[in-house]
Amino acid sequence: MELLKKKIEQEGIVLSNTVLKVDSFLNHQIDPELMLEIGKEFSQRFANKGITKILTIESSGIAPAVMTGLQLNVPVIFARKRKSMTLINDLLTSTVRSFTKNETNEISVSQKYITENDQVLIIDDFLANGQAAIGLIDIVQQAKATIAGIGIVIEKAFQEGGQHLRDKGFHVESLARIASLEEGKVLFVSEKTSEVMK
Ligand code: G4P
């Protein structure tokens, strides 16, 4: 998605060989116009999949997920990482280990909102090692619903998550795929040829 790549080139800050900071439009301050375009792009890429629900994880997955839900006209659910005062009964839970942050979260979703007839589109902001996606997949499978696809805003293709999910047969669509963050530069994977491009 050219608009997103341009934004990453203009505003992304390479913090290390593995971490890209994008808090001017995705992880802290949010660019609503860009999120709307992201929602349109996901809705096109997953059109005709019969999606009935979108599932994401708090907090940065919520903005792109809501915009996609708006386009597809379906509800959006976010998995909680912290216990809620009101969300206490009939929870579907899974454990997500973050290698980046070296912490483990128990994530939860009320089983009321995902049922076996649902075709679920999973959306998240970043795909690194894939642990968040695996936790969300686990929750959808516990609900006996179907995973229609996985939509990622920024995939770090040099980490293993994307390959792992595709090898498992999931339909993964990433709007920007980063091949490398070495030497302080963002190199994208070309969508058509997988050739490395600036
Ligand atoms: P994984 O789910 O793919 O295994 O990712 P990992 O554990 O490595 O990442 C944990 C958190 O860090 C996630 O956010 C993820 O989106 C984010 N993250 C991973 N790599 C990058 C990166 O290069 N840049 C930025 N900006 N974020 C990255 P989170 O803890 O759930 O945060 P939030 O959704 O509340 O913002």
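Which residue has a polar side-chain atom that lies 2.8 Å from an oxygen atom of the ligand? That residue is Ser59. The structure is a predicted model, and this briefing covers its strands, its nonpolar cores, the surroundings of the ligand and some backbone features. Two buried strands, β3 and β7, pair with each other in the parallel sense, and the largest nonpolar core has 31 residues.

**Surroundings of the ligand**

- The ligand is surrounded by 21 residues, of which Leu20, Ser60, Lys81, Thr100 and Lys101 come nearest.
- Ser59, the residue of the opening question, lies in the loop that runs between β3 and α3.
- The peptide bond that joins Glu58 and Ser59 is cis, with omega at about 0 degrees.
- Leu20 has a polar backbone atom that is 2.6 Å from a nitrogen atom of the ligand.
- For Lys156, a polar side-chain atom lies 2.7 Å from a nitrogen atom of the ligand.

**Strand β3 and its neighbours**

- Strand β3 covers residues 53-57. Five of its five residues are buried, so the strand is largely enclosed by the rest of the structure.
- Lys53, Leu55 and Ile57 point one way from β3, while Ile54 and Thr56 point the other way. In a regular strand, side chains alternate between the two faces of the sheet.
- β3 and β4 run parallel and are joined by four bridges; within this pairing, Ile57 has Ala79 of β4 as its bridge partner.
- From β3 the chain crosses through α3 to β4, and this β-α-β crossover is right-handed.
- β3 also pairs with β7, in the parallel sense and over three bridges. Here Lys53 has Val120 of β7 as its bridge partner.

**Thr56 within strand β3**

- Thr56 is found in strand β3 and counts as buried because its relative accessibility is 0%, where the cut-off for a buried residue is under 20%.
- A polar atom of the Thr56 side chain lies 3.4 Å from the backbone oxygen of Gly61.
- Beyond its neighbours within four places in sequence, Thr56 is in contact with Gly61, Ile62, Ala65, Ile77, Phe78, Ala79, Ile123, Asp124 and Leu136.

**Strand β7 and its neighbours**

- Eight of the nine residues of β7 are buried, so this strand is largely enclosed by the rest of the structure.
- β7 and β8 run parallel, and eight bridges join them. Ile123 stands opposite Gly151 of β8.
- A right-handed β-α-β unit is made by β7, helix α4 (residues 131-142) and β8.

**Nonpolar cores**

- In soluble globular proteins, nonpolar side chains tend to be buried together.
- In the largest nonpolar core, of 31 residues, those with the most contacts inside it are Leu4, Ile8, Leu20, Leu26, Ile38, Ile154 and Val186.
- At least two residues of this core come from each of α1 (2-11), α2 (32-45), α3 (62-72), β7 (119-127), β8 (146-156) and β9 (172-180). The element that gives the most is α2, with four residues.
- Another core lies apart from this one; it has 25 residues, among them Val120, Ile137, Ile139 and Ile152.
- Leu20, among the residues that come nearest to the ligand, is also one of those with the most contacts inside the largest core. Not counting residues up to four places away in sequence, Leu20 touches Ile8, Gly12, Ile13, Val14, Phe126, Ile178, Leu181 and Val186.

**Backbone features at two asparagines**

- Asn48 is not a glycine, yet it has a positive phi of about 65 degrees. It lies in the loop between α2 and β3.
- Asn48 is exposed because its relative accessible area is 85%, and the cut-off for an exposed residue is over 50%.
- Asn73, which is not a glycine either, has a positive phi of about 60 degrees. This residue lies in the loop between α3 and β4 (76-79).
- At 69% relative accessibility, Asn73 counts as exposed.

How values were computed:
Residues are numbered from 1 along each chain as its sequence is written. This is a predicted model: local features need pLDDT of at least 70, side-chain atom pairs count only at pLDDT 80 or more; totals for chains, interfaces and linings use all residues. Side-chain values use heavy atoms; hydrogens and water are left out. A nonpolar core is a set of buried Ala, Val, Leu, Ile, Met, Phe, Trp, Tyr and Cys residues joined through side-chain atoms within 4.5 Å. Buried means under 20% relative accessible area, exposed over 50%, partly exposed in between (1.4 Å probe, protein chains only). Contact means heavy atoms within 4.5 Å. Two strands pair if DSSP finds at least two bridges between them. A crossover is right-handed if, with the strands pointing away from the viewer, the path from the first strand over the helix to the second runs clockwise. A polar contact is a pair of N or O atoms within 3.5 Å; within protein, one must be able to donate a hydrogen and the other to accept it, and residues adjacent in sequence count only if both atoms are side-chain atoms. A residue is near a molecule or strand if one of its heavy atoms lies within 4 Å of it.
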